[in-house]
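The questions below ask on what grounds certain terms are applied to this structure. Each answer sets a value against the definition of the term.

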There are 2 protein chains.
Amino acid sequence: MSAAEDRLRKYAQLAVNVGVNLQPGQVLAVNAYIEHAPFAREIARAAYEAGASFVDVQYADQHVRRAHIASAAEDQLGYSPPWAVERYDELGRIGGALLAISGNPEPELFSDLDGERVGKARMKEVAEASLRLSDGVCNWSIVAYPNEGWARTVFDEPDVERLWDAVAHAVRLDADDPVAAWREHISRLQARAAALNERRFDHLRYRGPGTDLMIGLHPESAWQAALDHSNGIDHVANMPTEEVFTTPDSRRVDGYVRSTLPLQIQGNIVRDLEVRFEGGRAVEVKAGTGEDVMRTHVATDEGAARLGEVALVDGHSAVGETGLVFYDTLYDENASSHIALGAPILQAVEWAGALAPEERVERGVNHSSIHTDFMIGSNELEVDGVTASGDAVPILRAGDWLL
Amino acid sequence: MSAAEDRLRKYAQLAVNVGVNLQPGQVLAVNAYIEHAPFAREIARAAYEAGASFVDVQYADQHVRRAHIASAAEDQLGYSPPWAVERYDELGRIGGALLAISGNPEPELFSDLDGERVGKARMKEVAEASLRLSDGVCNWSIVAYPNEGWARTVFDEPDVERLWDAVAHAVRLDADDPVAAWREHISRLQARAAALNERRFDHLRYRGPGTDLMIGLHPESAWQAALDHSNGIDHVANMPTEEVFTTPDSRRVDGYVRSTLPLQIQGNIVRDLEVRFEGGRAVEVKAGTGEDVMRTHVATDEGAARLGEVALVDGHSAVGETGLVFYDTLYDENASSHIALGAPILQAVEWAGALAPEERVERGVNHSSIHTDFMIGSNELEVDGVTASGDAVPILRAGDWLL
């Protein structure tokens with residue numbers, strides 16, 4: 001076995017055993033692009049080694065999707081194939097697991113299409129089924145596969161080996177004992193979440209170039225990190241993960257914020273995103289590129305213009321250490337503090353899962369079929385936690401974690 | 001546009017407009033291998049041009065399947081994902097269309113695995129749903145895409161251009177007006193079917209090296225050719241197609257038969273297949289390679305050991321003219337007379353579709369979740385039609401059609 005084959009095999013095993021934490025007898029669904037086939041095949045092998053009963057790999061093809069967006073009738077743009085919904089629903093019923101592969105081989109493939117059509121071409125029912133599944137019903141993970149197209153986006157040349165080095169470092173595949181390294185990393189992040197939970201801040205205050213933002217926190221929301229617990233199984237939903245995150249109060253967000261890293265979404269890269277919030281709602285959305293896509297995206301449903309997640313990342317993460325812009329949210333959001341429009345982290349608020357969406361929304365826990373993170377962190381961003389009595393406690397300064 | 005791009009585009013248009021005969025507003029499901037992506041993308045474009053409401057391409061990956069066969073628990077080998085069944089069922093409900101792409105890039109990928117496990121690893125419920133759909137419910141077609149792996153199998157070298165020449169000739173893409181050429185070709189084959197229907201033979205008699213076989217025909221079965229009529233739409237289910245075919249009496253098949261071309265099935269190539277029939281049942285199955293796979297396959301269900309189709313092809317077909325062995329049933333069966341184990345051509349017997357499977361079987365129309373053609377024709381094979389009164393009428397001699 002070549003060193004490259006060995007690396008790929010170990011990475012697949014890490015994704016299956018630490019990321020998904022696949023249990024014997026589980027069905028594993030894998031979502032990949034066709035360009036991810038070498039990795040998907042290794043994942044299938046690793047999954048059967050771990051006792052999978054069946055592995056279902058669904059390969060997406062962006063060129064087929066492009067043809068749909070370019071040519072489908074207006075009222076068919078958002079068509080959700082019922083069998084794709086059924087796949088997620090059945091996976092929930094049988095207690096299956098899910099692994100998504102990121103690393104988009106052509107992240108700007110739709111950038112020359114009509115932005116409004118791109119924004120409307122969302123499979124809403126599929127997205128909702130996927131969210132139902134990831135809200136504690138199934139053990140899942142996202143990992144990225146270095147490929148030529150992605151490397152070209154990052155380096156302006158298809159230097160896949162250089163991208164592999166960054167990815168291997170970020171997911172701790174370069175550690176002597178990656179599993180032990182993950183155990184230690186999880187503990188460190190969970191300690192950070194515990195420190196935040198102890199403080200019970202009323203809100204966060206962000207200040208930096210182009211940013212002056214207040215995000216209200218829930219009195220009952222808990223900060224989380226690294227390890228999720230779904231269907232009775234501990235799993236690492238993002239590899240890498242460097243964030244502590246929670247569900248904010250979707251009614252109490254005010255001010256303006258400027259993104260610090262590009263956002264890859266629906267075949268477009270949204271650059272220089274600026275959003276202004278009033279009473280929790282994004283009332284102004286501007287961007288250097290991809291503005292139409294982003295505006296349409298934020299108009300998907302009522303909750304798409306409100307925050308569902310707030311996450312803090314310091315300037316010294318394993319992803320940040322690479323010094324790269326990845327144009328891939330899984331990576332960029334783990335190098336930078338970020339916030340997400342749309343669906344909340346349901347498990348962060350104990351009572352949220354038991355309530356109907358409308359009831360949750362009334363209590364400030366958002367509901368939406370989108371969940372779109374964008375990066376707002378930098379070494380120039382100051383983040384304070386503010387207590388109910390108005391005391392401001394520095395959390396992030398110059399990229400350093402101070403709490 | 002390069003000549004190769006132009007050829008691919010025209011081929012996709014032929015498949016969509018003549019093969020499937022896609023109607024505006026239809027959903028088109030496409031089944032492909034990931035190695036077929038360039039063609040699947042052109043098909044998607046051609047389908048939207050023709051007014052498709054949505055195109056769903058499902059890419060199969062044989063390496064993922066191989067991992068399943070190699071490692072899944074015995075009782076999970078035949079697992080059918082319910083969402084794959086739902087895809088076909090929903091397609092039937094909404095009046096969708098189906099296009100399958102053949103041209104296996106690695107036709108012997110499972111040949112080193114346990115043949116019995118390979119034979120058992122069939123998605124029975126998916127196969128049954130697929131048969132429900134192709135039995136007159138949806139307009140469908142199969143076309144092949146020349147690719148490196150397939151070319152290597154045919155020529156012992158990846159000469160894709162040479163394979164393209166053969167394929168373009170077989171599907172009449174090299175005609176000045178391919179659509180007109182197809183119209184003419186369909187008429188010629190239908191005249192042949194009409195001539196057979198006029199004769200109302202009681203049975204067919206096959207004699208050749210290793211073959212002495214009697215196949216009973218139904219008094220009420222009709223010979224068909226080239227054009228199917230499903231869901232109110234005329235479509236060409238196989239491109240190429242060179243056969244006239246019907247459903248035999250599954251109770252009246254006796255004698256022995258030797259295959260004249262290899263049969264690619266489930267990651268194996270079955271060579272030198274010999275089958276002996278008694279009272280309609282295959283009671284002996286031998287093969288030079290792939291015997292275990294074939295034996296297990298024939299034991300899939302009660303009807304898998306009986307015939308569902310009999311088809312006649314002369315020695316001068318456009319496929320036969322290439323002089324090649326394709327190791328792909330779509331091609332090889334259109335260069336050679338063949339018979340199929342398993343599911344019948346339901347539309348060939350007027351009353352069959354209205355009966356429950358058990359009732360049909362009682363009347364000699366087979367039922368099975370498999371439908372597996374194998375090639376028995378050659379220039380040495382003599383085929384007679386025998387009337388109820390015992391008169392033998394030569395149909396095929398030295399590859400020539402005599403009727």
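Q: How do you know what area is buried between chain A and chain B, and what share of it do carbon and sulfur atoms give?
A: Buried area is the accessible area, taken with a 1.4 Å probe, that two parts lose on being put together, summed over both; by that definition the area buried between chain A and chain B is about 3000 Å², with 69% given by carbon and sulfur atoms. The model is a predicted one, in which local features need pLDDT of at least 70 and side-chain atom pairs count only at pLDDT 80 or more, whereas totals for chains, interfaces and linings use all residues, and side-chain values use heavy atoms, with hydrogens and water left out. Residues are numbered from 1 along each chain as its sequence is written, and chains are lettered from A and ligands numbered from 1 in the order in which they are written.

Q: What makes the relation between chain A and chain B that of a two-fold axis?
A: Copies are superposed by least squares on the C-alpha atoms of residues with pLDDT of at least 70 in both, and chain A can then be laid on chain B with an RMSD of 0.0 Å by a turn of 180° and a shift of 0.0 Å along the axis. Because that is the relation of a two-fold axis, the term applies. In chain A, A:Trp83 has the C-alpha nearest the axis, at 2.6 Å from it.

Q: How do you know through which surface the copies meet?
A: Contact means heavy atoms within 4.5 Å, and on that rule 35 residues of chain A and 35 residues of chain B take part. Of the interface residues of chain A, 100% are also interface residues in chain B, so the copies meet through the same surface.

Q: Why is the pair B:Asp61 and A:Arg41 called a salt bridge?
A: The term requires a side-chain nitrogen of Lys or Arg within 4 Å of a carboxyl oxygen of Asp or Glu; the side chains of B:Asp61 and A:Arg41 meet at 2.9 Å, N to O, so the pair satisfies the definition. Between chain A and chain B the count is four salt bridges. The elements that give two or more residues to the side of chain A that touches chain B are helix 2 (37-49), strand 2 (54-60), helix 3 (62-71) and helix 4 (82-93) of chain A, where helices (H or I, at least four residues) and strands (E, at least two) are DSSP runs numbered from the N terminus.

Q: What makes A:Glu42 and A:Arg45 a salt bridge, and where do they lie?
A: The side chains of A:Glu42 and A:Arg45 meet at 2.7 Å, N to O, in a salt bridge. Both residues lie in helix 2 of chain A, three residues apart, which is about one turn of the helix. Over all chains, a search of the whole structure finds 63 salt bridges.

Q: How do you know where the domains of chain A begin and end?
A: Domain bounds come from an automatic or database domain assignment, which divides chain A into domain 1 (3-170) and domain 2 (200-226 + 239-401). The centres of domain 1 and domain 2 of chain A, taken over C-alpha atoms, are 23 Å apart, and the contact takes 41 residues from domain 1 and 32 residues from domain 2.

Q: What joins domain 1 of chain A and domain 2 of chain A?
A: The area buried between domain 1 and domain 2 of chain A is about 2700 Å², of which carbon and sulfur atoms give 61%. The count between these domains is one salt bridge; A:Arg271 forms a salt bridge with A:Glu108, with the closest N and O atoms 3.4 Å apart.

Q: What is the peptide bond between A:Met239 and A:Pro240 called, and what is its omega?
A: A:Met239 and A:Pro240 are joined by a cis peptide bond, with omega about 5°. A:Pro240 lies in the loop between strand 9 (233-235) and strand 10 (244-246) of chain A. In chain B, a cis peptide bond joins B:Met239 and B:Pro240, again with omega about 5°.
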